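I opened this structure to look up how its helices pack. My notes follow.

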Amino acid sequence: MSEANRRRIKNILICVACPLVLFGLMEALCLLITGEHLITSKNLVMVMRRFTTTTCLAIALSMNITAGRFDFSLGSVLLGSAIIGGNVAISLNMGGVGILVFAIITGMVMSGIVGVLYCLTKIAPMVLSLGMALVMESVTFLLFKEGLNLKKAVGDVTMLSDPFFMLAIVAIVLLLFTFLSEKTVFGFQRRSLGTGQAVAVNAGVKEIPNTILCYVLSGGLVAVVGTINSSYRGIISPSLGLASVSSIFTAMLPVFLGGFMASFSNDTLGKVLACLMVTILNTGMTAFGLNETTQSLINALILILFLLFMFNAKDFAKFSQSQLRKREAAAAQK
């Protein structure tokens with residue numbers, strides 16, 4: 001067997017083993033502590049909703065993070081696209097598909113505006129996105145103070161909370177963004193800009209179209225998140241004062257964990273596997289009776305420890321090698 005095939009098999013085994021081992025651990029703990037399985041018919045919808053929304057949000061965040069742009073406005077786009085797009089679709093007597101489509105279009109437009117303004121003004125992405133988050137929160141509130149009430153929808157909206165529909169969304173997102181990332185000029189240029197913008201631009205990469213498209217795609221993804229969340233709650237209200245920003249931080253752990261998993265697969269599949277693992281972890285903590293605040297704290301601690309390990313991996317490797325040489329030298333003297 002060639003070295004390439006051995007490496008490929010090793011990567012596949014790692015990608016399969018990581019979520020399976022975590023699932024087995026959480027399943028055993030659930031049976032031991034609660035006497036029930038980790039995933040049951042009672043929490044299946046919640047698990048799929050967490051998995052789908054975390055996956056879409058993590059990929060949306062990574063669209064700009066890999067190029068050094070952190071977009072704080074995604075939270076306001078998440079709410080605004082669902083509220084504005086959803087109300088427009090309801091006024092046209094559309095059902096769940098129509099609400100989702102109009103939300104995606106609205107999210108793409110909203111994030112596209114942020115991308116265009118960034119390219120025109122060259123204001124620091126974090127500063128610009130915070131300002132645009134305030135603007136979009138205010139616009140959403142002025143247009144629809146009452147928010148979005150899916151009970152007013154004439155068409156069928158139950159499909160938005162169907163586990164198989166959400167699984168189909170994950171599959172479409174995985175296939176679409178894998179294709180865009182691995183098989184298109186857009187994906188190649190995005191990776192080039194992520195490794196060094198100045199070098200990439202000097203080599204002929206068109207930064208502005210690529211940047212705007214990254215914002216547009218991320219807006220469409222968070223619109224999916226907002227729509228699925230609205231189907232779960234039934235009613236969602238607009239927020240003000242940057243209250244929407246907190247909604248995007250739930251995907252920070254999968255974003256960075258996905259970057260590690262991508263070294264064994266590809267960028268998109270790595271994010272999906274990371275989101276699956278985080279969903280399994282959070283589902284287990286919910287089964288143990290931990291509230292959302294405690295879960296957020298644990299996720300934050302795991303993220304800090306993971307980043308600490310990743311950014312100091314070379315130092316840890318050097319230290320372990322030096323310790324190994326010392327033990328070998330000591331053994332030789334004996």
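**Entry 1: H3 and H9.** I am working with a predicted model. I looked up helix H3, residues 74-91, against helix H9, residues 207-233. Their axes come within 8 Å and cross at roughly 60°. Angles of 65 to 115 degrees would count as roughly perpendicular, and those under 35 as roughly parallel. The angle here therefore makes H3 oblique to H9. I noted the hand of the crossing of H3 and H9 as right-handed.

Which residues make the contact? On the H3 side I listed Leu74, Val77, Leu78, Ser81 and Ala82. H9 brings Ser218, Gly219, Val222, Ala223, Val225, Gly226, Thr227 and Asn229. I sorted the residues of this contact of H3 with H9 into seven nonpolar and six polar, with no charged ones.

**Entry 2: H4 and H9.** Next I took helix H4, residues 96-121, with H9 again as its partner. The axes of H4 and H9 come within 7 Å. They cross at roughly 145°. H4 also passes H9 in a right-handed crossing. I sorted the residues of the contact of H4 with H9 as well: 15 are nonpolar, nine are polar and none is charged.

**Entry 3: the core.** I then turned to the largest nonpolar core, which has 76 residues. Which of them have the most contacts inside it? I found Leu61 and Phe177.

I followed up Leu61, leaving aside its neighbours within four places in sequence. Leu61 is in contact with Phe70 and Leu74. Its other partners are Ile248, Ala251, Met252 and Val255. I had met Leu74 before, on the H3 side of the contact with H9.

Note on methods: Residues are numbered from 1 along each chain as its sequence is written. This is a predicted model: local features need pLDDT of at least 70, side-chain atom pairs count only at pLDDT 80 or more; totals for chains, interfaces and linings use all residues. Side-chain values use heavy atoms; hydrogens and water are left out. Axes are lines fitted to C-alpha atoms, for helices over the stretch in contact, and angles run from 0 to 180 degrees between N-to-C directions. Helices (H or I, at least four residues) and strands (E, at least two) are DSSP runs, numbered from the N terminus. Angles under 35 degrees count as roughly parallel, over 145 as roughly antiparallel, 65 to 115 as roughly perpendicular and the rest as oblique. A crossing is left-handed if the near helix is turned anticlockwise from the far one by less than a right angle, and right-handed if clockwise. Contact means heavy atoms within 4.5 Å. Ala, Val, Leu, Ile, Met, Phe, Trp, Tyr, Cys and Pro count as nonpolar, Asp, Glu, Lys and Arg as charged, and the others, Gly among them, as polar. A nonpolar core is a set of buried Ala, Val, Leu, Ile, Met, Phe, Trp, Tyr and Cys residues joined through side-chain atoms within 4.5 Å. Buried means under 20% relative accessible area, exposed over 50%, partly exposed in between (1.4 Å probe, protein chains only).
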